[in-house]
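Work through the exercises below with the model open. Each task is followed by a solution in steps.

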Amino acid sequence: MSQIDQFLASLKRSLKAKNILYRDLAKALNLSESSVKRILSSKSLSLERLEEICRVADLSFSEVVKSANLEDGTQVYLLTDEQERALAENHRLLHYYMLLHDERTPQKIEKEYQINKAEAQKYLFQLDRLNLIELHPRDKVKFKRQGFLRFRRDGPIGRALFEQMKATYLMYDFKPEDFVRFTLIKISPSTLAKYKGKLEKLAMEMQEDSRFDTEHNAATVDAGVLMAYRPWTYSYMGAIKKKD
C-alpha cells in the first residue's frame with residue numbers, strides 16, 4: 001500500500017474514531033454523501049479539502065499522519081498455524097470471528113444472526129485464548145492486530161477456501177450484470193510482477209472501502225472478487241502448430 005493510500009486509510013479510521021459519518025461530513029461541507037465517499041477514496045484530495053475535513057472533524061494533520069504509520073510498507077497480517085487450525089475446525093467460530101473482524105459488535109451479531117448469548121460467550125473466550133482478540137468487560141472486543149487479514153494459501157483455512165472457490169465460484173454461469181474480464185497476453189516476468197503489486201494494492205483498497213461502507217451502514221451486497229493469473233493458453237490456440 002502506498003503512503004497516500006495509508007494516509008487516506010488513516011483519515012477514515014480517525015473519522016470513525018470520532019463517530020463522524022458520511023452524512024455528517026456531507027452536511028458540513030455542503031456536499032452529497034456520494035461526493036464525500038469519492039473524495040475519501042481519491043488520491044487527488046486537495047490540501048484545501050483535507051484542511052476542511054480536518055476542521056470539521058476536529059483533527060490535526062499531524063495526528064492523521066502519525067496514525068498512518070507511513071514507515072510501514074504493508075498492513076497485511078497473517079494468523080499462526082494454531083490460530084488457523086482452531087478456526088478451520090469450527091466453521092461457526094470462523095464465521096463469528098470474521099463478523100467481528102468486519103467491525104460488528106457481539107451485541108449486533110446476536111441481534112442479526114442465529115446465535116445465542118451462551119454460544120457467543122464461548123466463542124469470545126476461545127478467541128481471547130487464541131490471542132486473536134482482547135476481551136474486555138461487557139463484551140468489548142479489541143483486535144490484537146490491525147490491518148488486512150490474509151489467510152495463507154497453504155494454511156488450513158486457505159486450502160479450504162480455495163477448494164470452495166474452485167468448486168462454487170469458478171463453476172458459475174456469469175450473467176451480463178456480473179463483471180468478468182479475461183485476457184490472454186504475452187508478458188515478461190518483471191512486468192507481471194509489477195501488475196501483481198498493483199493487484200495487491202487494489203485488493204487492499206477494496207477491503208478498506210468495504211470496511212468503511214460497513215462502518216457507515218451503507219447499503220451493501222456480498223460480492224466475491226477474484227484476481228488471478230497463471231501460465232495458460234486456449235486449447236484452440238494450438239490448432240496450428242509451429243514449424244520446427
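**Exercise 1. Two faces of a helix**

Task: Find which exposed residues helix α4 carries on the face turned away from its buried side, and which residues of α4 are buried.

Solution.
Step 1. The face of α4 turned away from its buried side carries Glu48, Glu51 and Arg55, which are exposed. Exposed stands for over 50% relative accessible area, buried for under 20%, and partly exposed for values in between, with a 1.4 Å probe and protein chains only. Helices are DSSP runs of H or I with at least four residues, strands are runs of E with at least two, and both are numbered from the N terminus.
Step 2. Helix α4 spans residues 47–57, and its buried residues are Leu50, Ile53, Cys54 and Ala57.
Step 3. Looking down the axis of α4, these buried residues fall within an arc of 95 degrees, so they line one face of the helix. The arc is taken from the directions that run from the helix axis to the C-beta atoms.
Step 4. The spacing follows a general rule: an α-helix has 3.6 residues a turn, so residues three or four places apart point the same way.
Step 5. Just after α4, Asp58 takes a positive phi of about 55 degrees.

The model is predicted: local features need pLDDT of at least 70, side-chain atom pairs count only at pLDDT 80 or more, and totals for chains, interfaces and linings use all residues. Residues are numbered from 1 along each chain as its sequence is written, and side-chain values use heavy atoms, with hydrogens and water left out.

**Exercise 2. The buried side of α3**

Task: List the buried residues of helix α3 and state within what arc they fall.

Solution.
Step 1. In α3 (residues 33–40), the buried residues are Ser35, Val36, Ile39 and Leu40.
Step 2. Down the axis of α3 they fall within an arc of 130 degrees, so they line one face of this helix.

**Exercise 3. Salt bridges**

Task: Count the salt bridges, then place the partners of the pair Arg152 and Glu84 and of the pair Glu119 and Arg92.

Solution.
Step 1. A salt bridge needs a side-chain nitrogen of Lys or Arg within 4 Å of a carboxyl oxygen of Asp or Glu. By this rule the count is 12.
Step 2. Arg152 and Glu84 form a salt bridge at 3.8 Å, N to O. This pair links distant parts of the chain, 68 residues apart: Arg152 lies in the loop between β4 (148–149) and α10 (156–169), and Glu84 in helix α6 (residues 81–88). Glu84 is buried, at a relative accessible area of 0%.
Step 3. Glu119 and Arg92 form a salt bridge at 2.7 Å, N to O. This pair also links distant parts of the chain, 27 residues apart, with Glu119 in helix α9 and Arg92 in helix α7 (residues 91–101). Glu119 is buried at 16% relative accessible area, while Arg92 is partly exposed at 43%.
Step 4. Within α10, the side chains of Glu163 and Lys166 meet in a salt bridge at 3.3 Å, N to O. These two are three residues apart in the helix, so about one helical turn separates them. Glu163 is partly exposed at 46%, and Lys166 is partly exposed at 36%.
Step 5. Through shared partners, salt bridges join Asp81, Glu84, Arg152 and Asp154 into one network.

**Exercise 4. Tyr123 and its surroundings**

Task: Decide whether Tyr123 is buried or exposed, and which residues it contacts beyond four places in sequence.

Solution.
Step 1. Tyr123 is in helix α9 (residues 117–129).
Step 2. Its relative accessibility is 2%, so Tyr123 counts as buried.
Step 3. With neighbours within four places in sequence left aside, Tyr123 is in contact (heavy atoms within 4.5 Å) with Asn90, Arg92, Leu93, Tyr96 and Ile115.
Step 4. The C-alpha atoms of Tyr123 and Tyr97 are 8.3 Å apart in space, and the two residues are 26 apart in sequence.

**Exercise 5. The nonpolar cores**

Task: Find how many residues the largest nonpolar core has and which element gives the most to it.

Solution.
Step 1. A nonpolar core is a set of buried Ala, Val, Leu, Ile, Met, Phe, Trp, Tyr and Cys residues joined through side-chain atoms within 4.5 Å.
Step 2. The largest one has 23 residues, and those with the most contacts inside it are Leu79, Leu87, Tyr96, Tyr97, Leu100, Leu127 and Leu132.
Step 3. Two or more residues each come from α6, α7 and α9. Of the elements, α7 gives the most, with six residues.
Step 4. A second, separate core of 18 residues includes Leu15, Leu50, Ala57 and Leu59.
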